[in-house]
Amino acid sequence: MTIESTGSPAADDTGTATVTGPGTGTGNGTGTGSFYDEVGGHETFVRLVHVFYLGIAQDPLLRPMYPEDDLGPAEERMRMFLEQYWGGPRTYLEQRGHPRLRMRHVPFIVTPQARDRWLVHMRTGVDALNLPPLQEATLWDYLERAAHSMVNAA
Ligand code: HEM
């Protein structure tokens, strides 16, 4: 999985591995044994992202960055992305195309401070899942590294 910026548009974001993701097995999201299935599938990602966006909604630094008044569609995009990344349905790709997340974040000023706020809310989301330690560590490790790779301003 490549999540660091290489400067290449094709390999510069967390989305590089997303088209297949780390746990897809057959790669079509319908096989068994994906991380997506292991952690509880759709409901798990709904909860993770919902709790995260409750935090975003209250965050004085991050909330103004979100262009839409309604955070619902942003919540859905994030959920679809994460579901796909972890081997679930590939709806994100169908609706949004290749993730290219670093590129999609260029319009937003992502400072280390913004990243740390983002991670605070994701941490709350991950905690709400009560996953077994190994799964929790796997998910959190990815989110932390992805967030670090998204920083684009000092
Ligand atoms: C590090 C701090 C981050 C900040 C401040 C941030 C902020 C934002 C903002 C303001 C948007 C636009 C909301 C929308 O209308 O969709 C967005 C979109 C998005 N972000 Fe982030 N983001 C961060 C990190 C991440 C990370 C680490 C991931 C993935 C693991 C991620 C995944 C997404 C996705 C999937 C979208 C929707 C892209 C699309 O399809 O248009 N973000 N982010």
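**Close-up views of a predicted all-residue model**

**View 1. Leu139 and its surroundings in helix α7.** Leu139 is buried, because 21 other C-beta atoms lie within 10 Å of its own, where 20 or more are required. The residue is found in helix α7, and the model in which it is seen here, as in every view below, is a predicted one. When its neighbours within four places in sequence are left aside, Leu139 is in contact with Val126 and Leu131. A pairing across the sequence is also shown, since Leu139 and Val39 are 100 residues apart along the chain, yet their C-alpha atoms are 9.7 Å apart in space.

**View 2. The packing of helix α6 with helix α7.** Helix α6, comprising residues 112–129, packs with helix α7, comprising residues 133–150, at an angle of about 165°, and the two axes are 10 Å apart. The two helices are therefore roughly antiparallel to each other, the cut-off for this term being an angle over 145 degrees. Their crossing is right-handed. On the α6 side the contact is made by Arg115, Trp118, Leu119, Met122 and Val126, while α7 contributes Glu136, Leu139, Trp140, Leu143, Glu144, Ala147, His148 and Met150. Sorted by character, the residues of this contact comprise 9 nonpolar, 1 polar and 3 charged.

**View 3. The packing of helix α2 with helix α3.** Helix α2, which spans residues 41–57, packs with α3 at an angle of about 140°, with a separation of 9 Å between the axes. These two helices are therefore oblique to each other, and the crossing that they form is right-handed. From α2 the contact draws on His42, Phe45, Val46, Val49, His50 and Tyr53, and from α3 on Glu75, Met78, Arg79, Leu82 and Glu83. The residues of the contact between α2 and α3 divide into 6 nonpolar, 2 polar and 3 charged.

**View 4. Glu75 in helix α3.** Glu75 lies in helix α3, and it counts as partly exposed because 18 C-beta neighbours fall inside 10 Å, whereas a buried residue would need 20 or more. Not counting residues up to four places away in sequence, Glu75 touches Val49, His50 and Tyr53. For Tyr53, which is 22 residues away from Glu75 along the chain, the C-alpha atoms of the pair are separated by 6.6 Å.

**View 5. The shell of residues around the ligand.** There are 22 residues around the ligand, and of these Ala74, Phe81, Arg115, Trp118 and Ala146 come nearest. At least two residues of the shell are supplied by each of α3 (72–85), α5 (101–104), α6 and α7, with α3 giving the most, namely 4 residues. By character, the shell divides into 15 nonpolar, 2 polar and 5 charged residues. Arg115 and Trp118, which are among the residues nearest the ligand, also belong to the part of α6 that makes the contact with α7.

**View 6. The chain as a whole, for orientation.** The secondary structure of the chain comes to 7 helices and 0 strands, so that reading along the sequence gives the pattern α-α-α-α-α-α-α. Of the 154 residues in the chain, 30% are buried. Among the contacts between residues at least 6 apart in sequence, 72% join residues that are at least 24 apart.

How values were computed: Residues are numbered from 1 along each chain as its sequence is written. This is a predicted model: local features need pLDDT of at least 70, side-chain atom pairs count only at pLDDT 80 or more; totals for chains, interfaces and linings use all residues. Axes are lines fitted to C-alpha atoms, for helices over the stretch in contact, and angles run from 0 to 180 degrees between N-to-C directions. Angles under 35 degrees count as roughly parallel, over 145 as roughly antiparallel, 65 to 115 as roughly perpendicular and the rest as oblique. A crossing is left-handed if the near helix is turned anticlockwise from the far one by less than a right angle, and right-handed if clockwise. Two residues are in contact if their C-beta atoms, placed from the backbone, lie within 7 Å. Ala, Val, Leu, Ile, Met, Phe, Trp, Tyr, Cys and Pro count as nonpolar, Asp, Glu, Lys and Arg as charged, and the others, Gly among them, as polar. A residue is near a molecule or strand if its C-beta atom, placed from the backbone, lies within 6 Å of it. A residue is buried if 20 or more other C-beta atoms lie within 10 Å of its own, exposed if 12 or fewer, and partly exposed in between; C-beta atoms are placed from the backbone.
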